[in-house]
Amino acid sequence: MALLEATGISKRFGGIEALSELSLFVDAGDAVGLVGPNGAGKTTLFNCLLGLLRPDTGRVIFDGRDLGGMPIHRRARFGIGRTFQRMELFTEMTGREHLLVAERARRRDGALWKDLLNRGGPSADEIGRVDATLDLLGITDVADLPVEALSMGHGRLVELGRALMTEPKLLLLDEPSSGLDRTESLALSGVLARVQDERTTAILLVEHDLDMVLRSVSRLYVLDFGVLIADGPTAQVMADAGVRRAYLGQAV
Amino acid sequence: MSRFITFAVFGLSYGCVYSLAATGLVLTFRTSGVFNMAFGAQAYGSAAVYYAAVKESHWNRWAGLLLAVVVVGPLLGFALDRVLFRHIRTAPQVVKLITALGLLVGIPSVAQFFFGTDNKPNPPDAFWSSHTFYRFLGSRIDGNQLSIIVTAVAVVVALGLFLRFTSIGLQMRAVVESPRMVQLAGINADRVGTTAWVLSGLIAGLAGVLLAPTHTALVDRDFTLLLVAAMAAAAFGRLISLPLTLLGGLAVGVGQEVLAGYLPLNSVWAKGLRPSFPFLVLVGLLLFLPGLRQRRDTTDPLAACDPPTPALAASHGDPRLRRINRVTALVGIPAIVFLPMLAYHHTWLNVMTLGVVFSTIMLSITALTGLSGQISLCQFSLAGVGAFTAGQLATRYDLSVLWGILIGAAVAAAVGALISLPALRLGGVYLALATLAFALMADNFLFPLHWVGGGQSGVQIPKPVGFSGEWAFFFLSVVVLAICGGIVVLVRKGTTGQYLAALRGSETAAATIGISPARAKFTVFAVSAGIAGAGGALYGSSVTSVNSDQFNFFLSLAFMVLVLTTGVRTVEGAVNAGIAFAVIPFLLDKYASNFNVLVFALFAYGSLTYAKHPEGIVEFQKRRSLAAITRWLDRKQVAPT
Ligand SMILES: Nc1ncnc2c1ncn2[C@@H]1O[C@H](COP(=O)(O)OP(=O)(O)OP(=O)(O)O)[C@@H](O)[C@H]1O
Ligand SMILES: [Mg+2]
C-alpha cells in the first residue's frame, strides 16, 4: 500500500481547470518528482494534498487514512511536511526559533500551565535535536539571525529544516532550489539524499531545475494544464517525445 | 395579520435606512478594503450639522439639507479617503480597522466640541413632516418614514445605474477582486477609491438626517446601532453582494420591529432585545453563514508585497541601552507617579490607582492583540463581567473581593472563550464585528439585567479587608498589575507565545508544522479575557460601586485604539495607555475643561498614527530616541581615540 495515494483530484478556479482527474501515488521512502511548465497546477496539487485548498473531486489517502476535510494541522501531525514556493517564513523569528517551534509542535507538550510556571522554554533534548538539524543543513552559523536578514538560499533551508523537525513521513517540496546558486543547489541535493537515507522520508519534489530533479528522484510525473501526460522511471519519462515537446519545448 | 403588517411596514422604514447604510459600507469595503466602522459616526456628523443649522440657527430646511447631506457628507468622505484610507489600501486588515475605529471614536467627539454636548431633543425632519400621515400598503406611516422609503429606493436605483453604466462604476466593480491587480491593469485605483468614499459619505449623510427624527433626541449611540444593523446586512451580503445586502437590511429592520411589536411593552425583553436584535442577527450570521471565511489574503496573488512589520525596540537590544533603560525606569516611573502628589495630594493617588487599574484591563489587549494580532472590541465588557461577578459575590455571599478578582477572572475567561468561537472559524474583520456585537449586547441587554448589573442602583463592591486605605489599595492594584504583566510575559515566552508568533508570521506555514491555529487563538483569548476580568473586578472595587453604564461598549473601542497607539506588543505600552487614560482627562478637567469632550478625539488622533507606526507611537519614539542614544554613545567611545 502506497504512503500517499491521491485519486481523481480536480480543482477549478472560475474558468480555469487547474487540475483535472489527477491521480498519483508515492511509496514510503520513495523520491518522486513532479514537473511541468508554469501554471501546470503543481502548487495547486500540493495545496489540495495538504488541505489549503479543498479539491472539487477526488480523495487523498495518506498512510491508510482518508484525509478528506481534515484541517491542515492534523494532516501535518500525521506526517506530511511541506515547503513553499513563495517562502512562508515566520517574520521576526530567527532560524533556530523556527526549528524550535516546529520541534515543540511535534511533541505537542505545550500546555498553558507550563508557560505560566516558566517551564515553556526549550529542553536540552529539544535544543540538541535542533542543533543536529541545523548542522545537517549547514546553517548553524546563520541560525541566530532574524529570517528577514537571510539570503534566499538560507531561507529555503530554514523552511526545509522547519519541515524536517516535524519528522514527516512525506515531504512536499515546492521548487526548493529556486533562488539558489549552483553550489547551494548541489548542497541541497546532498541534504535531501541524506534525509532520505537517514530518516527514510519520502519526497515529492516539484522543481524546474531538471538537473536537480535528475539528481534527486527515481520516478517522475509530468503535469501539463492540470493533466498528467507521463509518469514512470525518470530516465524513461525524460526520453518520452510528448514530454519533451510539452515541457522542454524541444523539437523532436 | 393586520397588526403584523403594521409592524412590518413600520420596520420597513428602519430596514431602508439599514440597507442604505449597508450599501455605503459595502461600497467602501469593496473598493478600498476598509470596513468602515466610522460610517455611523459620519452619519451622526451630518445629522448634527443638520440639527445645528435648522434647529439652532433656524436655517431653511432645504439649505440645511444641502449643507449637511450634499456638502458635509461627501466632503467628509473625500477627506477621509485623501488623508487616510488611500494610503493604507494595501495595509493589513488591523491597520484599516483601527483607523476606522479611531474615527468612530473621534468624529462624535469633534462634533460635540463644535455643537455642544447638551441634549438635542426633537431632531428636525428631512423631507416630509413626521406629523402628517400617509397610507402605505394599507398601513399608516408618517412623513419621515415616507421620506426614508422614497430616498432609499431612489438611491438604490441611482447607484445601480451608476455601477452598471458609467465607466468609473465598472472600474469600481473591478477593484474589488484585487486592488493590486487592477492597478497593474492600468485602472487608477485611487480615483475609484475616492469616488466610493464620496458616494459613501453622501449616503452616510442621508442616512444620518433620515434616521435622526425617528428618535426623540439626537444621540451618537443610536448611530452605532445603525452601524451594527448595517454590519449585519453587509455580512448577509458577504460584504460583496449589493442586492443581498439590501435584502439583509430590510430583513433586519422588519424583523426588529415585528419582534418588538409582539413582545410585551416595557418588559426587559422588549427593552433589551429590540436594540440587541441586529447584534443577534450579526452573531448568528457570523456563526452559521457558510462562505464567510476570508480567503482574500491567500488568494490575492500579490498579497505578499506588503512589507513586514518592524521588530520591537527591545529586540534591538544594546546592553548599554538596557542599563540606561532600567535606570530611567527605576527613577522615572516613581517620579511621575509620586512627584505630582506634592501638588494634588490624594486626588493624584486616586488618579494613579485608576491608571494602574486601567493598565491591567489594557494588558488584556496586549495579551490578545499583541500576541495573536486579533482585534477584540469587547475587552471592557469582559472587564464588566469580572466586576459584576465580584460585586454579586461580595453582596450576596459576602466574599472578599480578593476572591472576587480570581473568580471574576475565571468567569470572564469562560465568557471570552465562548465569544472567541466565531474567531476560530473566521478571524480578521469578522472577529472585530462579533466582539463589537457582544459588547453592545452586554451594554444593552446583559448588564441591565438585575442579577448581573444590579439594575438601577448597581452593585456594591467594597474594598477588600485590609486594603481599604488609599495607599493599601494602590499597592494591591500594583500587585495585580504585576501579576497580570508577569502572565503576559510568561505566555509570550512560552509555547503558546511561540505558536502565536509563528501564526502571526504565517498562519499557513504554522499549520503545516502541526500548530492548531484555532486552539492557540482560543487559549490566548481566554487568557486575555481572564486578565480583563481581573482588571474589571479591581476597577469595581476601586470605585466601590458599578452599574451597567460604566461598562459602556464605547470604552472598549477607546481602550483598543489607545493601546494600539501606545504600543500593543509590550507590557509597557499597556501601562502607558492605562496611565494616560486616567491622567489626561484629569489634567484636561483641571486646566482646560472646555476641551474635555475632545478627550476621545485626542485618543482617536492617536489611532490615525497607527497606520504609519503599527508598532505604536510610543514604541516608535522610543526606538527613535534609543537610536539617537546609541549614536551618541558610539560617538563618545570613538572620540578619545
Ligand atoms: N487561488 C487561485 N485563484 C485563481 N486561480 C489560481 C489560484 N491558484 C492558482 N490558480 C491558477 O491555477 C493554475 C495552476 O497554478 P499553479 O500555481 O498550481 O501552477 P504551478 O504548476 O505551481 O506553476 P509554477 O511552476 O509557476 O509555480 C494557474 O493557471 C493559476 O493561475
Ligand atoms: Mg507553483
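Strand 1 and strand 2 (residues 16–26) of chain A run antiparallel, joined by seven bridges. This is a predicted model. One pairing between these strands sets A:Arg12 against its bridge partner in strand 2 of chain A, A:Glu17. The two strands form a hairpin with two residues between them. In that hairpin, A:Gly14 takes a positive phi near 55 degrees.

Strand 1 (residues 4–13) of chain A also pairs with strand 4 (residues 57–62) of chain A. That pairing is antiparallel too, with five bridges. Here A:Ser10 stands opposite A:Thr57 of strand 4.

A further sheet in chain A is open and has six strands, in the order 6-7-8-3-9-10. Its pairing is mixed. Strand 6 (80–82) and strand 10 (227–233) of chain A each have a single partner strand, so one side of each is left without a neighbour in the sheet. Neighbouring strands in this sheet are turned by 15 degrees against each other on average, direction ignored.

At one of these edges, strand 6 of chain A meets strand 7 (residues 170–174) of chain A. The two run parallel and share three bridges. A:Gly81 stands opposite A:Leu171 in strand 7 of chain A. Helix 6 (residues 152–165) of chain A lies across both strand 6 and strand 7. The helix runs at about 160 degrees to strand 7 of chain A.

The strand pairings described above are listed here.

| Strand pair (chain A) | Direction | Bridges |
|---|---|---|
| Strand 1 and strand 2 | antiparallel | seven bridges |
| Strand 1 and strand 4 | antiparallel | five bridges |
| Strand 6 and strand 7 | parallel | three bridges |

Definitions and conventions. Residues numbered from 1 in each chain as written. Chains lettered and ligands numbered in written order. Predicted model: local features only at pLDDT ≥ 70, side-chain atom pairs only at ≥ 80, totals over all residues. Heavy atoms only, no water. Pairing = 2+ DSSP bridges. Helix = DSSP H or I, 4+ residues; strand = E, 2+ residues; numbered from the N terminus. Axes fitted to C-alpha atoms, helices over the stretch in contact; angles between N-to-C directions. Contact = heavy atoms within 4.5 Å.
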